[in-house]
Amino acid sequence: MTESTTSDYAPPSARIARGEIRRASVKSFGCQMNVYDSQRMADLAALEGYAEAADVENADLIVLNTCHIREKASEKIYSELGKLSELKDERRKAGRRTTLVVAGCLAQAEGAEILRRQPAVDVVVGPQSYHRLPQLLREAQVRSGVIDTDFPAEDKFSRLPPSSREAIARRGAAAFVTVQEGCDKFCSFCVVPYTRGAEASRPVGAILEEIGRLAGAGVREVTLIGQNVNAYHELDSSGRPIRLSDLIRAVAAVPGIRRIRYATSHPNDMADDLVAAHRDVEALAPFLHLPVQSGSDRVLASMNRRHRVADYLDIVARARAARPDIALSSDFIVGYPGESDPEFRATLDLVAHVRFASSYAFKYSPRPGTPAAEMEGQVADAVKASRLAELQAMLEKQRQAFNRASIGRRFDVLFEKPGRREGQVIGRSPYMQAVFAEGHLSLVGAMVEVEIIAAGPNSLQGRIVSPASQ
Ligand code: SAH
Ligand code: SF4
Ligand code: F3S
């Protein structure tokens, strides 16, 4: 990486001194990893002198941080790019320059194809090289169609500027922190190993420093994120191995941090020490998002998941033994190639057996370059659609039952924003349920004990029982 300032490039301070305020809009698609990356790209843009744009029409820099996981996700982005190219044209006619950046997993997967399909795009940058965004923006001033989809050896995280106190405070009291990235598991249906690269864990010291800064600026809850977060492994300064459970314990000791979550876990890395952390670490939320994908051993084997249904059920039993109030959520794919009706029914059986608090279910989407896309026995869309509807109906019933069973319980709620009605605040329970209560706006950012008094379809109503504790 070169730290150069080309002659046509005025440094931010000079531009600000001249009273030119430029604005940036970063829009995130896809998973939590992208939300985190989008924030870091906004931090980079801020250092380049871009203020946050209230809406995309006023943005001089537009970044779409994209997802490639299912076909719909990718197509949505091309249609968004179509609209943005028109916006760019209108702004140009009004004498305003707009720089359009496509970042994220679609950028990584399609690279130059994006420029071919949408020539209005100025920069294409992948998830492992976005720390170079300032340089790429400079290059884009002198030539069109700059692409960087490298997997550089340099550590992206150590090259990213820390988020400012103001940015942290604006983003609220619950924050994501990427601790692990990439995936070596190569499930047959999934693009992530190709778009994010090999599994890598961030050093403990850097993570704790980042979380310390977040806590100092008001963050009370962190979600440690990674594509396979429970595969986290690193060494501490004395060379001792550190696993996710050790990291969780260290994060729990950071002053100000009240609640810890982690996502997403893979069943094969759900070791005893992590289960034990659910028993021992009070700040660790009693909630486990553990994708299973299917309830059929044959389908799981074809997916290259390398776990069986019985392994999954065993983890659920161990987690419930360690922490009886733990709740589970999962991801499911229906209509995977070759999935028969009885195999789909086996997924329903698993759901009935486990009982989930909430879950995501998807129709299988063939992705270019993945083994499953080439398999025989692709399932007709109508069959996928009816299976999805049946599974989603069952998952929704379980979610409602879980919410109803919350009535009368007392939860620590982290209030995040004003509620829809005046005099109300809204936040999240340990189980990610939205909870609203009558309360003063000053409660936003605080973790408060709340008794649940009613359950609606999409949120719970609570009554504050304890004074706010920061
Ligand atoms: N690393 C996580 C999640 C990865 S992507 C894991 O291992 O579970 C999030 C979810 O998207 C997956 O759990 C899976 O359910 C879904 N998904 C991934 N590829 C898909 C595809 N080709 N079609 C439909 N759903 C897919
Ligand atoms: Fe994709 Fe499987 Fe890796 Fe999850 S574990 S990111 S589903 S390849
Ligand atoms: Fe999508 Fe990439 Fe996340 S494909 S789900 S944004 S890792």
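1. Surroundings of ligand 3. In this predicted model, ligand 3 is surrounded by ten residues that can be listed in order along the sequence: Cys31, Asn34, Thr66, Cys67, His68, Ile69, Cys105, Val192, Arg196 and Gln227. By character, the shell around ligand 3 comprises five nonpolar residues, four polar ones and one charged residue.

2. Position relative to the domains. Ligand 3 lies between domain 1 (3–148) and domain 2 (156–333), because both domains give residues to its shell.

3. A cis peptide bond. The bond that leads from alanine 263 to threonine 264 is cis, and its omega is near 0°. Threonine 264 belongs to the loop that runs between strand E13 (259–263) and helix H12 (272–280).

4. Glutamine 293. This residue is not a glycine, yet glutamine 293 has a positive phi of about 75°. Its place is the loop between strand E14 (287–289) and helix H13 (297–302). With a relative accessible area of 7%, glutamine 293 falls under the 20% limit and is therefore buried.

5. Asparagine 304. A positive phi is also found at asparagine 304, about 60° in this case, although asparagine 304 is not a glycine either. The loop that holds asparagine 304 connects H13 and helix H14 (309–322). Is asparagine 304 buried or partly exposed? Its relative accessible area is 24%, so asparagine 304 counts as partly exposed, a class that lies between the limits of 20% and 50%.

Conventions:
Residues numbered from 1 in each chain as written. Chains lettered and ligands numbered in written order. Predicted model: local features only at pLDDT ≥ 70, side-chain atom pairs only at ≥ 80, totals over all residues. Heavy atoms only, no water. Near = heavy atom within 4 Å. Nonpolar A, V, L, I, M, F, W, Y, C, P; charged D, E, K, R; others polar. Domains from an automatic or database assignment. Helix = DSSP H or I, 4+ residues; strand = E, 2+ residues; numbered from the N terminus. Buried < 20%, exposed > 50% of the residue type's maximum accessible area, 1.4 Å probe, protein only.
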